[in-house]
Amino acid sequence: MILTFFLLSLLVLFLDQWTGGWTTMHLFCVYRSSLKDPLFYIRLFGHVLGHASWDHFLNNMLLLLVVGPPMEEKYGSKPLLCGMVFTALVTGVLQCVLFPRSGLLGASGIVFMLIMLSSLAGFSGGIPVTMLLVAALYFGQQVYDIILVHDNVANFMHIVGGLCGTAFGLSLIHI
């Protein structure tokens, strides 16, 4: 699953270059548009495969390839796919509702979902200290960036991805 996601993201980046950005803008970047547009639904889930540049791609994929395989081994491919699809849907919908004048693309929400999921990996009852530390550091950094750093990074969606990973991890533990 993780390697497939990596290869699909790489293919999307090549398509972006071959089409002068057309495929990314029309298929792999979610933004508010008509619900009658069938491409909206592709973008709603496909935005996690699109990346703005090689740097953006590499930053996301390095973390994905480090954190993802152990989570896939622990939880299985199908549950992990469900978590990734859920995170893509939640971040896509929230982007359209809360930030109607901008677009969202990239696997950061998925990566942070996996990071928070991995912080729950040793869960055996009670709240894991590792999860609390990761959450405090991670969420603190994202809030700091939202308040003080003005760039094109979707820090709010990073937080949403982390919350999705936490919720997903806790739901898997209680199954």
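What span should the 22 residues of H5 have at 1.5 Å a residue, and how far apart are its end C-alpha atoms? The expected span, 1.5 Å times one less than the number of residues, is 32 Å. The end C-alpha atoms are 31 Å apart, which agrees. Helices are DSSP runs of H or I with at least four residues, numbered from the N terminus.

The model is predicted: local features need pLDDT of at least 70, side-chain atom pairs count only at pLDDT 80 or more, and totals for chains, interfaces and linings use all residues. Residues are numbered from 1 along each chain as its sequence is written, and side-chain values use heavy atoms, without hydrogens and water.

Several residues of H5 are buried (under 20% relative accessible area, 1.4 Å probe, protein chains only). Among them are Leu80, Gly83, Met84, Thr87 and Ala88. Thr91, Gly92, Gln95 and Cys96 are buried too. The buried residues of H5 pack against H1, H3, H4, H6 and H8.

The largest nonpolar core has 44 residues. Such a core is a set of buried Ala, Val, Leu, Ile, Met, Phe, Trp, Tyr and Cys residues joined through side-chain atoms within 4.5 Å. Phe5, Leu64, Ile110, Met113, Leu114 and Leu117 have the most contacts inside it. H6 (108–119) is one of the elements that give two or more residues to this core. The largest share, eight residues, comes from H6.

Contact means heavy atoms within 4.5 Å. Not counting residues up to four places away in sequence, Leu64 touches Ile2, Phe5, Phe6, Pro69, Ile110, Val111 and Leu114.

His158 lies in helix H8. His158 counts as buried because its relative accessibility is 9%. With the same sequence exclusion, up to four places, His158 touches Ser108, Phe112, Tyr138, Gln142 and Val153.

Note on methods
Buried < 20%, exposed > 50% of the residue type's maximum accessible area, 1.4 Å probe, protein only.
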